[in-house]
Amino acid sequence: MRGAPILEGVPPAAIHPSILSADFGDLAGELARLAAAGAEMAHVDVMDNHFVPNLTLGLPVVQRLAALDSIPLDCHLMIADPDRWAPGYAEAGAASVTFHVEAASAPVRLARELRANGARAAVAISPATPVSAVQHLLGEVDMVLVMTVEPGFGGQAFLDLTLPKVADLRARAERDGLDLQVQVDGGVSGDTIERAASAGADVFVAGSAVFGADDTGAAVSALRRAGSAAAASRSTPRR
């Protein structure tokens, strides 16, 4: 199975700012700000205080944000029992829905259900989870998210020990001719994005690096330039 086509116009480094660092009192305004800044998607961290020791927002909020139709939503579900709950996010209008392989009971079935409901399907792996845990899913999903911090909290330092997994995934995708995006999430900044892109990542979740900047648009553009330049310098050709 080849999967859904990559979104048209996506550059070598797509930036998905995480609204975990946004002003929760004005999420509508923050999404509009990301759209104006040129971000490809807004990354929505859904945490349930079960799979991870934190609680953020859930399906009702995502339904409202999707209805605004200001920017596509990239929902990252750090939740228990995604087999039950993840399809609802696709039905709500999320453009991309990511579930953790560590929490899914039937990941192939879930990925297919997400796609059937109109979303791009993605699977995430935590820092301690090997690529072998998702190798059977690479033809079933549109993206693999490699967590470059421990899931559950923002503001953590980037873990370089995860980069070999990024490189492994990129090599497998190129070897098998898969249109597979590799996303990294956690500690992404102007410095770390270069290392991640050099390893093979092409979608980057950034929180404070975007929302903490004086100029959101300039921050998004700077991250994209840095990531795209690093991707272009890789010795292994992209897709």
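Which residue in β8 does I15 stand opposite? I15 stands opposite F204 in β8, and this pair introduces the sheet described below.

## Basis of the description

This is a predicted model, in which local features need pLDDT of at least 70 and side-chain atom pairs count only at pLDDT 80 or more, while totals for chains, interfaces and linings use all residues. Residues are numbered from 1 along each chain as its sequence is written, and side-chain values use heavy atoms, with hydrogens and water left out.

Helices (H or I, at least four residues) and strands (E, at least two) are DSSP runs, numbered from the N terminus.

## The sheet

An open sheet of 8 strands runs in the order β1-β8-β7-β6-β5-β4-β3-β2, with parallel pairing; two strands pair if DSSP finds at least two bridges between them. The edge strands are β1 (14–17) and β2, each of which pairs on one side only, and the twist averages 25° from one strand to the next. Angles here run from 0 to 180 degrees between N-to-C directions, and axes are lines fitted to C-alpha atoms, for helices over the stretch in contact.

At the β1 edge, 4 bridges join β1 to strand β8 (residues 203–206), and these two strands run parallel. At the β2 edge, β2 and β3 pair in the parallel sense over 6 bridges, with M47 standing opposite M78 in β3. Strand β3 (residues 73–78) also pairs with β4 in the parallel sense, over 4 bridges, and D74 stands opposite S96 in β4.

## Strands β3 and β4

In β3, 6 of the 6 residues are buried, so the strand is largely enclosed by the rest of the structure; buried means under 20% relative accessible area, exposed over 50% and partly exposed in between, with a 1.4 Å probe and protein chains only. L73, C75 and L77 point one way from β3, whereas D74, H76 and M78 point the other way, and all are buried.

Strand β4 (residues 96–100) is likewise mostly covered, with 5 of its 5 residues buried. S96, T98 and H100 point one way from β4, and V97 and F99 point the other way.

## Helices α2 and α3

The axes of helix α2 (residues 59–68) and helix α3 (residues 82–92) come within 9 Å and cross at roughly 20°. The two helices are therefore roughly parallel to each other, a term for angles under 35 degrees, while those over 145 count as roughly antiparallel, 65 to 115 as roughly perpendicular and the rest as oblique. L59, V62, Q63 and A66 in α2 meet G88, Y89 and A92 in α3, where contact means heavy atoms within 4.5 Å. The residues of this contact divide into 5 nonpolar, 2 polar and no charged; Ala, Val, Leu, Ile, Met, Phe, Trp, Tyr, Cys and Pro count as nonpolar, Asp, Glu, Lys and Arg as charged, and the others, Gly among them, as polar.

Of the 11 residues of α3, 8 are buried, so the helix is largely enclosed by the rest of the structure. The buried residues are P82, D83, A86, P87, G88, Y89, A90 and A92, and they pack against β2 (42–47), α2, β3, β4 and α4 (107–116). Helix α3 is followed by G93, whose phi is positive, near 115°.

## Helices α5 and α6

Helix α5 (residues 163–176) and α6 pack at an angle of about 35°, with their axes 8 Å apart. The contact is made by L163, V166, A167 and R170 of α5 together with R195, A196 and A199 of α6. By class, this contact has 5 nonpolar, no polar and 2 charged residues.

## Two buried alanines

A197 is found in helix α6 (residues 192–199) and is buried, with a relative accessible area of 0%. Not counting residues up to four places away in sequence, A197 touches F204, G227, A230, A231 and R234. A197 and A14 are 183 residues apart in sequence and 11 Å apart in space, C-alpha to C-alpha.

A121 is found in strand β5 (residues 120–125) and is also buried, with a relative accessible area of 0%. Leaving aside neighbours within four places in sequence, A121 is in contact with V97, A111, L114, R115, E140, V141, D142 and M143. The C-alpha atoms of A121 and M143, which lie 22 residues apart along the chain, are separated by 6.8 Å.
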